[in-house]
Amino acid sequence: ATHARIDEEARRGRNEARIGEARRSEAMSGVLGRAVRCARAGGWRSRGLCAGAGGGKEFTVTLFPGDGIGPEISDAVVRILAAAKVPVRWETHVIDVQSKKPGEALVSREALDSVLRNGFGLKGPMATPIGKGHRSLNLTLRKELALYANVRPCVSFPGVKTLYSNVDVVTVRENTEGEYSGLEHTVAPGVVESLKVITRTASMRIAEYAFKYASDHGRKRVTAVHKATVMKKSDGLFLECTREVAAKYPQVQYDELLIDNAASFLVADPARMDVMVMPNLYGDIISDLCAGLIGGLGLTPSCNIGESCILAEAVHGTAPDIAGKDLANPTALLFSSIMMLRHMGLRSHADNIEQAAFQVLHAGQVRTGDIGGKATTSEYTAAIIDALQ
């Protein structure tokens, strides 16, 4: 019954999408109008401090440039925000894992306190060794800063051709537990045990966030993604919590999908999905899948939400093969910074930068290699700066 209802709504959604795409094409033939920008940008807007208007205040943001191409794209974003006269100043912290001594904290207390003190952070990609070595720096930051929700809007970009032109999905991922709790040990030679932790506290918190997000942004449906057919206690508890929270939001439709079905539905027709909430591992996989629908992780913004701070980030890799060659695409980090600006209440600045980036992408003349162009990072950055109002 759930699948039938989703199918019916998807058919209606596709018809609406065709009408909407025609209207968007007409509107985008010139400079993007404010109404079009707001409609397209709706997915980017995160819950938080966006009710304010900035009030002329200058904000201090902790900047983690990251590894590989991280410093290049971070510099590009800093330059664009400066050109847009965004009232921010930066506290830069470089995390150098190689210089750490055994047992020493990977992220310094000074760096963590900087984010907590400022309330806002922006992070480039950070390298994580596969199968050995130090713990993921991304997970470390999320744990230490209590960043419980990862929010990734995946919205089709104007002028970036993919198999789909009407993607508008938001993934809300629980960030602090699940399979990523980091509780692993060797039981016996050749036998390793990894623990999946699901708690009512974390599950209720992420469900509340997802439904509040949907309600605040006029989204129609929240889908809980799970595998409770196999993990009956852990994912079963997660579903108990999402059902309990769903009852408080009768204006928002609620569905549940197995993780494998959700992946299949997204690939077949992403218009079926709206807001998706899920435990940690599923969210990691599904959010990357959604990124592929709109052109890749190089275009996908991401924001981690905590009670005391937010950390916007680029979620793509460090691309060491092109590091230092002025070839990287800063779009993901730029749009992550736009999410951050809206949290600050700096909506006019966010809209200005977003419009400029959309204009450049829609024109198609200046693009980096990953999205079919030949422009350098510097040329792409300069084009966006030139398009600012």
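**Helix packing and overall architecture**

In the predicted model, helix H6 meets helix H7 through Arg200, Ser203, Met204, Ile206, Ala207, Glu208 and Phe211. Their partners in H7 are Leu237, Phe238, Cys241, Thr242, Glu244, Val245 and Ala246. By class, this contact comprises nine nonpolar, two polar and three charged residues. H6 spans residues 200–216 and H7 spans residues 234–246. The two axes come within 9 Å and cross at roughly 40°. An angle of 35 to 65 degrees falls outside the roughly parallel and roughly perpendicular ranges, and H6 and H7 are therefore oblique to each other. Their crossing is right-handed.

A second helix pair was examined in the same terms. Two packed helices are described by the angle between their axes and the distance between the axes. Helix H10 covers residues 331–344, and helix H11 covers residues 347–363. They pack at an angle of about 160°, with their axes 8 Å apart. Angles over 145 degrees count as roughly antiparallel, which makes H10 roughly antiparallel to H11. The crossing of H10 and H11 is left-handed. On the H10 side, the contact is formed by Leu334, Phe335, Ile338, Leu341 and Arg342. On the H11 side, it is formed by Arg347, His349, Ala350, Asp351, Ile353, Glu354, Ala357 and Phe358. Eight nonpolar, one polar and four charged residues make up the contact of H10 with H11.

The protein as a whole contains 12 helices and 12 strands. It has 389 residues, of which 54% count as buried. Among contacts with a separation of 6 or more, 77% join residues 24 or more positions apart. The exposed surface amounts to about 16600 Å². Carbon and sulfur atoms supply 53% of that area.

One loop position illustrates a long-range pairing along the chain. Ala271 lies in the loop between helix H8 (259–268) and strand S10 (275–278). Its relative accessible area is 22%. Buried residues fall under 20% and exposed ones over 50%, so Ala271 is partly exposed. Asp168 is 103 residues away from Ala271 along the chain. The C-alpha atoms of Ala271 and Asp168 are nevertheless separated by 7.3 Å.

Definitions and conventions:
Residues numbered from 1 in each chain as written. Predicted model: local features only at pLDDT ≥ 70, side-chain atom pairs only at ≥ 80, totals over all residues. Heavy atoms only, no water. Axes fitted to C-alpha atoms, helices over the stretch in contact; angles between N-to-C directions. Helix = DSSP H or I, 4+ residues; strand = E, 2+ residues; numbered from the N terminus. Parallel < 35°, antiparallel > 145°, perpendicular 65-115°, else oblique. Left-handed = near helix turned anticlockwise from the far one by under 90°. Contact = heavy atoms within 4.5 Å. Nonpolar A, V, L, I, M, F, W, Y, C, P; charged D, E, K, R; others polar. Buried < 20%, exposed > 50% of the residue type's maximum accessible area, 1.4 Å probe, protein only. Areas by Shrake-Rupley, 256 points an atom, 1.4 Å probe, with all protein chains shown as cover.
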